[in-house]
Amino acid sequence: MTPAFAILCEVEPATTPDLRGVRRQVVAFDGITDRFLIPDNHLGRATVSSIAVAHEVASLGGRAVACVNSRDRNLLGFRRDLLTAAAYGVSDFLFVRGDDPAEGAARSGDLTVGKMIREARAFGGADFRIGATVRVGQPIPDWKKAADFLLVQASFDVDRLHAWRDTVEYAGDLLAGVLVLASSKMAVRLAETVSDIEMPSALVERLDADPGAGVDHAVDMVRALESAGGFAGAHVVPVSRYRQVADRLRG
């Protein structure tokens with residue numbers, strides 16, 4: 001039997017102690033998503049602990065993947081996070097370096113994503129499921145192949161994703177990144193700041209005429225990826241359009 005196509009929905013993180021916004025997102029995607037990805041100090045801004053929010057998602061009946069970045073931690077702090085996760089029953093992680101902080105300097109230390117993977121594997125208190133990230137157009141480093149799943153950088157071209165997929169070997173689950181663009185300005189800014197992202201000019205023109213075109217394009221990508229095979233699922237980043245995306249996917 002072919003495994004079901006998975007949808008991992010990224011939650012817009014809480015930057016205040018109020019978790020009502022997170023709860024609304026979880027409720028909106030009830031029955032649609034397999035898991036929720038909880039960012040960790042997303043875009044270099046302070047957010048509520050991803051492990052605490054993952055525990056909150058579980059209390060609502062959802063399943064969560066807690067993102068943990070190496071930028072903000074030393075080894076002792078990371079071991080504390082593993083203990084906290086085991087105590088809360090949080091078993092799924094995404095390990096990343098982390099975005100450059102909005103204020104202050106990034107921590108300098110020897111904690112890396114590779115070391116985080118090895119530490120989590122050696123942890124004796126829980127059986128963690130571990131993920132990392134990869135970029136379209138680049139090979140998968142051997143050390144990242146030790147992860148249980150990999151999230152692929154957001155792309156806006158299904159054909160490019162599949163062309164890259166045919167060039168790499170990986171035994172775990174690959175989830176293609178699907179980002180919902182809210183406007184043409186967002187699309188242009190993303191293309192200018194992230195060198196590996198190729199932004200179709202036709203999509204920018206559609207967004208100029210209709211800001212809702214970003215939702216349409218993202219949902220169409222999810223459906224195309226599901227139909228074509230090759231990827232175990234999609235990592236959907238709805239940003240502020242989560243209600244529209246949820247309604248479309250449900251429909």
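Start by selecting Asp40, Arg73, Arg80 and Asp81, which are linked in a network of salt bridges. The model on screen is predicted. Side chains of opposite charge can pair when their charged atoms come close. A search of the whole structure finds 17 salt bridges, and the tour returns to some of them later.

**Stop 1: Thr47**

Select Thr47 next, in the loop between β2 and α2 (50-59). Is Thr47 buried or exposed? Thr47 counts as buried, because its relative accessibility is 14% and the cut-off for buried is under 20%. Now show the backbone of Asn41: its nitrogen lies 3.0 Å from a polar atom of the Thr47 side chain. To see the surroundings, add Pro13, Ala14, Thr15, Pro39, Asp40, Asn41 and His42, which are in contact with Thr47 when its neighbours within four places in sequence are left aside. One of these, Asp40, also belongs to the salt-bridge network where the tour began.

**Stop 2: Arg35**

Go to strand β2 (residues 35-38) and select Arg35. Arg35 has a relative accessible area of 17%, so Arg35 is buried too. Which side chain does Arg35 join in a polar contact of 2.6 Å? The partner is the side chain of Asp92. Asp92 is also among the residues that Arg35 touches. Not counting residues up to four places away in sequence, the others are Ile7, Leu8, Cys9, Arg63, Val65 and Arg129.

**Stop 3: the nonpolar cores**

In soluble globular proteins, nonpolar side chains tend to be buried together. The largest nonpolar core here has 63 residues. Select Phe29, Phe93, Phe95, Trp164 and Leu174, the members that touch the most other members. Helix α8 (residues 213-228) gives this core its largest share, six residues. Another core, of 13 residues, lies apart from it; Met186, Ala187, Leu203 and Leu207 are among its members.

Keep Phe95 selected and display what surrounds this residue. Beyond its neighbours within four places in sequence, Phe95 is in contact with Val68, Phe78, Val113, Met116, Ile117, Ala120, Ile130, Gly131 and Ala132.

**Stop 4: three salt bridges**

Select Arg121 and Asp148, which form a salt bridge with their closest N and O atoms 3.2 Å apart. This pair links distant parts of the chain, 27 residues apart: Arg121 is in helix α4 (residues 113-122), and Asp148 is in the loop between β5 (129-134) and β6 (149-154). Arg121 is partly exposed, with a relative accessible area of 38%. Asp148 is partly exposed as well, at 28%.

Move on to Glu198 and Arg160. Their salt bridge has its closest N and O atoms 3.6 Å apart. Glu198 sits in the loop between α6 (184-193) and α7 (201-209), while Arg160 belongs to helix α5 (residues 158-165); the two are 38 residues apart.

Finish with Arg248 and Asp216, whose side chains meet in a salt bridge of 2.5 Å, N to O. Which parts does this pair tie together? Arg248 lies in helix α9 (residues 242-250) and Asp216 in helix α8, so the pair ties together parts that are 32 residues apart in sequence. Arg248 is partly exposed, with a relative accessible area of 34%, and Asp216 counts as partly exposed at 27% relative accessibility. Helix α8 was also met at the previous stop, as the source of six residues in the largest nonpolar core.

How values were computed
Residues numbered from 1 in each chain as written. Predicted model: local features only at pLDDT ≥ 70, side-chain atom pairs only at ≥ 80, totals over all residues. Heavy atoms only, no water. Helix = DSSP H or I, 4+ residues; strand = E, 2+ residues; numbered from the N terminus. Buried < 20%, exposed > 50% of the residue type's maximum accessible area, 1.4 Å probe, protein only. Polar contact = N/O pair within 3.5 Å; in protein donor to acceptor, adjacent residues only side chain to side chain. Contact = heavy atoms within 4.5 Å. Core = buried A, V, L, I, M, F, W, Y, C linked by side-chain atoms within 4.5 Å. Salt bridge = Lys/Arg side-chain N within 4 Å of Asp/Glu carboxyl O.
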